[in-house]
Structures are given as structure tokens and as C-alpha cells.
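Trainee: Hi! Could we walk through this structure together?
Mentor: Happy to, let's have a look.

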Amino acid sequence: MAEPYVDRMYADNLPGWSSGDANNSDESPGGNAFMYGQLTVSSVDYWPYGPIRRINILLTQIDQGTIDTVLTKRFKGEAFFFRAWRYWEMVKRYGGVPLILKPQELTDDLLVSRDSTSKVMRQVVADLDSAIALLPAIRATSADNNGRLHKGTAMALKGRVLLYYASPEFNRTGDLVRWQNAYDANLAARDYLTSQGFGLYQDFAGLWFVDMNKEAIFVRRYSYPISVHNWAAATRPLDVSQGATGANRPTWEMVKAFPMRDGRPIAGNPAYDTLYFWKNRDPRFYATIAYNGAVWELSGVAGRRQWTYTGAESNNPTPGGFYTRKAVNPEDDAFEAFNGHTQWIEIRFAEVLMNLAEAANAIGNTQVAYDQIIALRARAGIDPGTGLYGLDPNMSGAQLQDAIMLERQIEFAYEAKRHWDLRRNMLFESRLNGTRRHGLKITLLVPTAQWLAVRDTVNLDSTYRQYFSHQVINLDTQFTINWQANYYFYAIPQGHIDLNKNLLQTLGWGGTFDPLQ
């Protein structure tokens with residue numbers, strides 16, 4: 001019975017596709033409560049003590065059985081990993097939470113108190129160290145690399161956790177010991193994973209569609225009809241979709257964030273044209289953004305082009321003129337998009353590199369930071385130039401941190417990373433407050449009949465100006481962004497406090513619990 005129990009643990013705890021994260025940042029419009037300062041104490045409810053209890057039962061009882069020693073080690077490693085994962089996901093939202101490491105009995109005092117953030121973090125790291133010691137070493141090319149956890153997965157998660165804990169949200173004094181710990185963990189993860197054959201997959205656009213390729217470190221796999229998701233359906237235009245719509249609509253800010261093919265920003269770049277904005281861009285732009293006139297052969301329709309000008313779409317048109325094409329398999333029809341089986345990669349090797357870059361920069365190891373960004377830009381196909389792939393030479397620590405954040409914004413666009421990057425670096429207020437997100441209103445300049453006669457064959461690279469004009473429009477039509485300072489640690493939902501009088505509410509939410517302790 002142990003194997004089915006562990007399979008249930010995977011089903012309970014693996015992260016998966018989510019189509020709502022982009023709204024809570026500058027990637028897409030929406031996210032009203034977060035972005036307009038309207039959260040309440042009960043808005044963020046992540047309280048996975050049911051799955052944690054089942055993990056604790058396994059850890060308490062597994063040594064009492066007669067299971068093969070190799071399997072026992074693996075099962076315990078998986079349990080330690082998922083317990084660390086669940087507690088970390090609570091810590092990054094709330095700070096300290098009750099730390100429960102054994103199955104509670106009815107005779108126990110169930111009115112537990114919140115433990116300090118630092119205590120829970122010590123346990124998260126200890127559990128990950130246990131997972132690293134117990135999980136098997138698996139090569140990227142091995143048949144055993146099948147979606148189950150392995151030593152490299154735990155090392156990569158440890159690197160992410162320690163990077164977050166070193167970031168300003170948790171590390172207000174800039175304690176360099178935390179940054180050193182993050183550097184050591186991410187360096188160890190990178191080097192170990194490399195030794196096992198993991199690395200950057202050569203095709204940035206295609207890495208989602210080749211299951212368990214060498215870039216996939218922490219993965220949830222899907223298989224129709226048992227386990228499916230609707231990421232693609234929610235992300236595609238409704239005209240070629242079903243059952244879901246409206247997610248991951250790029251903002252003009254996101255479109256402009258991608259540099260040019262030479263790696264340089266668009267501002268002041270002689271190769272950039274504000275009307276022909278798509279020309280000569282970072283190749284990741286074309287793998288991420290579908291724009292007016294882009295070839296996007298959805299449902300396998302050869303030569304299909306995406307039109308987003310006013311009047312082109314009859315069903316729920318994108319408000320800002322763009323769609324996200326990342327991880328949307330163009331071969332899928334509408335039914336397959338709604339019953340998706342594309343793997344979710346929670347941690348890919350590229351993140352390990354960027355986590356290492358950020359920690360390296362923080363401790364003054366500048367060349368290591370440069371090297372990781374260059375590796376991503378080289379894989380992307382950016383022109384090498386003098387060997388810096390468009391990066392400025394001799395950047396200061398602050399300038400390099402900005403470059404790292406930009407690279408993360410581009411590389412991990414629409415992968416549920418941007419909100420957390422802004423939050424852990426406490427950048428919402430300085431970068432977004434008082435601003436609005438924007439889109440493009442694209443207007444057809446010629447009579448519809450004239451346009452339809454040439455639409456499928458016209459070469460827009462030279463004639464776009466004849467047919468279209470652009471107007472930048474507000475996507476935040478009612479309010480400017482108004483992120484609140486107390487959102488860096490969310491409130492414990494009132495329902496949990498009503499059930500447990502010993503749960504202290506967080507500072508900034510009418511309580512006294514300090515999440516920085």
C-alpha cells in the first residue's frame with residue numbers, strides 16, 4: 001500500500017499550471033484586489049495542513065514496515081521534500097506558521113501557535129537536506145528521469161528557497177550570510193545537475209513540449225484523460241478555443257521589455273521602430289508574444305496569422321492587442337487545448353542559473369553573475385557582439401541586479417514567477433505604484449473589403465504602415481496600481497483565527513506577529 005500512498009502524496013502536492021498569476025503583476029491586466037490595494041484579511045488562503053498531515057503519517061510509520069530499504073529511502077526523501085515545499089509556500093505568503101512535524105491526535109492540544117519565520121525556515125532547509133541525502137541520483141537521459149523527485153530537484157528547490165530568504169522581503173538588513181548561503185546552494189545545484197546531464201535545452205520555444213528534457217528539474221506531468229489542464233485554452237484566442245478564455249494577455253510594458261536581437265534595450269536603439277515593434281527582437285519575443293499579423297498556426301492550420309486589430313475578433317478579443325504563445329502547442333485543436341497534457345516545469349535549469357546569478361552579484365562575484373545571464377542569452381539566439389550578448393560591461397551591483405531582474409522577466413514570462421520576483425525584492429511600490437498597465441489599440445486604415453482581399457498574403461514587414469495605426473491605451477481604466485506595504489506578508493485568514501485563538505495575526509493586519517523574526 002506504500003506506493004499508492006506516495007502516489008497520492010504526489011497528486012496532493014505537485015504544483016501545476018495556473019492561468020491567474022500574470023494578472024498580479026505587470027505581465028497582464030487584472031489582479032484587481034492585489035494591484036489596487038483591495039485585499040482583506042481573508043483574501044489569501046493557503047493552508048495545506050491536510051496534505052502535511054498525510055506526509056507526517058508516512059514519515060512516522062514507514063520505518064515500522066517491511067518495505068525494501070531502497071524504496072524506503074526514496075519514499076522518505078519524497079516526503080521530506082514535499083513537507084519542505086508546503087511549509088515554504090506558506091512562509092513566502094505569511095512568514096511564520098505553526099510547525100507541525102507529527103500527526104496530531106485528538107488528545108493533543110490542537111490550538112497551536114505560529115512559530116517564528118526563522119524556525120520554520122530552519123526546518124524547511126533541514127527537510128530539504130534530508131531529501132538531498134535520501135533521494136536517488138538520476139541522470140537527465142535515464143529512463144528513471146520520469147517526473148519523480150530526485151536529488152537534483154531538492155538541491156534546486158533549496159537554492160530557490162535560500163535566494164528568496166536572502167531577498168529584501170525577508171532580509172531587510174541585507175545580511176550577506178544569507179546571500180552566501182544562497183550562493184553556495186545554487187552553485188552546488190548547478191554543478192551537480194550539470195554533472196548529471198541536466199542543462200539548457202537547445203530550443204527555448206519547444207522545451208515545454210518535449211517531456212522530461214534536460215532542462216526540466218521539478219515537473220508535473222499530465223496525461224489525458226486522467227490528468228489534464230486548460231492553460232492553452234485559457235491563453236489562446238477564444239475564436240480557436242473552448243471552455244476557458246481571458247488569461248495571460250500581455251501588456252505593452254511586457255512587449256517593450258524584450259530587448260532587440262543585439263541584446264540592447266529598445267530605448268534609443270536605431271534598430272527599433274515604434275510601429276514595426278516586432279522586428280529584430282530577442283528571439284524569445286517570438287516564442288512568447290503573438291502580435292497583430294504574427295504567424296501562429298493554431299490547431300495546425302498552416303500559415304494561420306493572428307489578427308488583433310479592432311474588429312478582427314468577434315469573441316472576447318484581447319484588450320491590449322497581444323496574446324501569449326509560450327507553452328501553447330500550436331498543433332492542438334480546441335478540444336486538446338482544453339484537455340492539455342503539456343508538462344508544467346516548476347523549476348527549470350534556467351532558473352537555477354538565474355538564482356545563482358542573483359546570489360553571486362549580491363556577494364560581489366560579478367563574473368559568475370555575468371556568465372549565467374550570457375548562457376541564457378546565447379541559448380536564446382541573441383547576437384554575441386563582443387561576447388557580452390548586449391549586456392553593459394563593468395556594471396555596478398545595482399545595475400547588474402536590474403539586468404538580472406529584466407532577464408528573469410523575459411526568460412520566465414508567464415511562468416508564475418514575475419509576481420513573486422517583484423514581491424521578494426519589494427519592487428511593487430517603487431516600480432508600479434501610481435502607474436497603469438497599457439495595451440495597443442490597433443486600427444485598420446483601409447476599407448474591410450480591400451483588406452480582406454490581401455490579408456492572407458500581404459507582407460507586413462514592409463507595408464504595415466499602409467494598413468494599421470496604433471494608439472497606446474490604458475488597461476487599468478479605473479485606478480492606478482496601488483500595492484500596499486503590508487502585502488509583503490499576507491494576513492492569516494480570519495477563518496483560521498476563529499478556529500484557533502492562539503494564532504496571532506500579522507503586523508500590519510491588526511495583529512502583533514512579526515514575520516521578520
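Trainee: What sits over the ring of Phe 513?
Mentor: The charged end of Arg 114 does, 3.7 Å from the ring centre. A charge sits over a ring if NZ of Lys or CZ of Arg is within 6 Å of the ring centre and within 35 degrees of the ring normal. Arg 178 lies over the face of Tyr 165 too, at 3.9 Å from the ring centre.

Trainee: Before we go on, what should I know about the model and the numbering?
Mentor: This is a predicted model, where local features need pLDDT of at least 70 and side-chain atom pairs count only at pLDDT 80 or more, while totals for chains, interfaces and linings use all residues. Residues are numbered from 1 along each chain as its sequence is written, and side-chain values use heavy atoms, with hydrogens and water left out.

Trainee: Cool. How many aromatic pairs does the structure hold?
Mentor: There are 43. Rings of Phe, Tyr and Trp (its six-membered ring) pair if their centres lie within 6.5 Å; planes under 30 degrees apart count as stacked, over 60 as edge-to-face and the rest as tilted.

Trainee: And why is the pair of Phe 81 and Phe 82 edge-to-face?
Mentor: Because their planes stand at 85 degrees, with the ring centres 5.5 Å apart. Both Phe 81 and Phe 82 are buried; that means under 20% relative accessible area, with exposed over 50% and partly exposed in between (1.4 Å probe, protein chains only).

Trainee: What about Trp 278 and Tyr 464, how are those rings arranged?
Mentor: Edge-to-face as well, 4.8 Å centre to centre with 65 degrees between the planes. Trp 278 lies in the loop between helix H9 (252-257) and helix H10 (283-288), and Tyr 464 in helix H18 (residues 460-467), so the pair ties together parts that are 186 residues apart in sequence. Helices (H or I, at least four residues) and strands (E, at least two) are DSSP runs, numbered from the N terminus.

Trainee: Are those two buried or exposed?
Mentor: Trp 278 is buried at 5% relative accessible area, and Tyr 464 is buried at 0%.

Trainee: Switching to charges: how many salt bridges are there?
Mentor: The structure holds 38. A salt bridge here is a side-chain nitrogen of Lys or Arg within 4 Å of a carboxyl oxygen of Asp or Glu. One of them joins Arg 160 and Glu 346, at 2.7 Å from N to O. That pair links distant parts of the chain, with Arg 160 in helix H6 (residues 151-166) and Glu 346 in strand S6, 186 residues apart.

Trainee: How covered are Arg 160 and Glu 346?
Mentor: Arg 160 is buried at 2% relative accessibility, and Glu 346 is buried at 10%.

Trainee: Any salt bridge inside a helix?
Mentor: Lys 92 and Glu 89 meet in one at 3.2 Å, N to O. They are three residues apart in helix H4 (residues 69-94), so about one helical turn separates them. Both are buried.

Trainee: You mentioned S6. Which strand pairs with S6?
Mentor: S1 does, in the antiparallel sense over four bridges with S6 (residues 344-348); two strands pair if DSSP finds at least two bridges between them. Arg 220 has Trp 344 as its bridge partner in S6. S1 is mostly covered, with five of its five residues buried.

Trainee: Last one: where is Tyr 224 found?
Mentor: In the loop between strand S1 (216-220) and helix H8 (231-235). Tyr 224 is partly exposed, at 45% relative accessible area.
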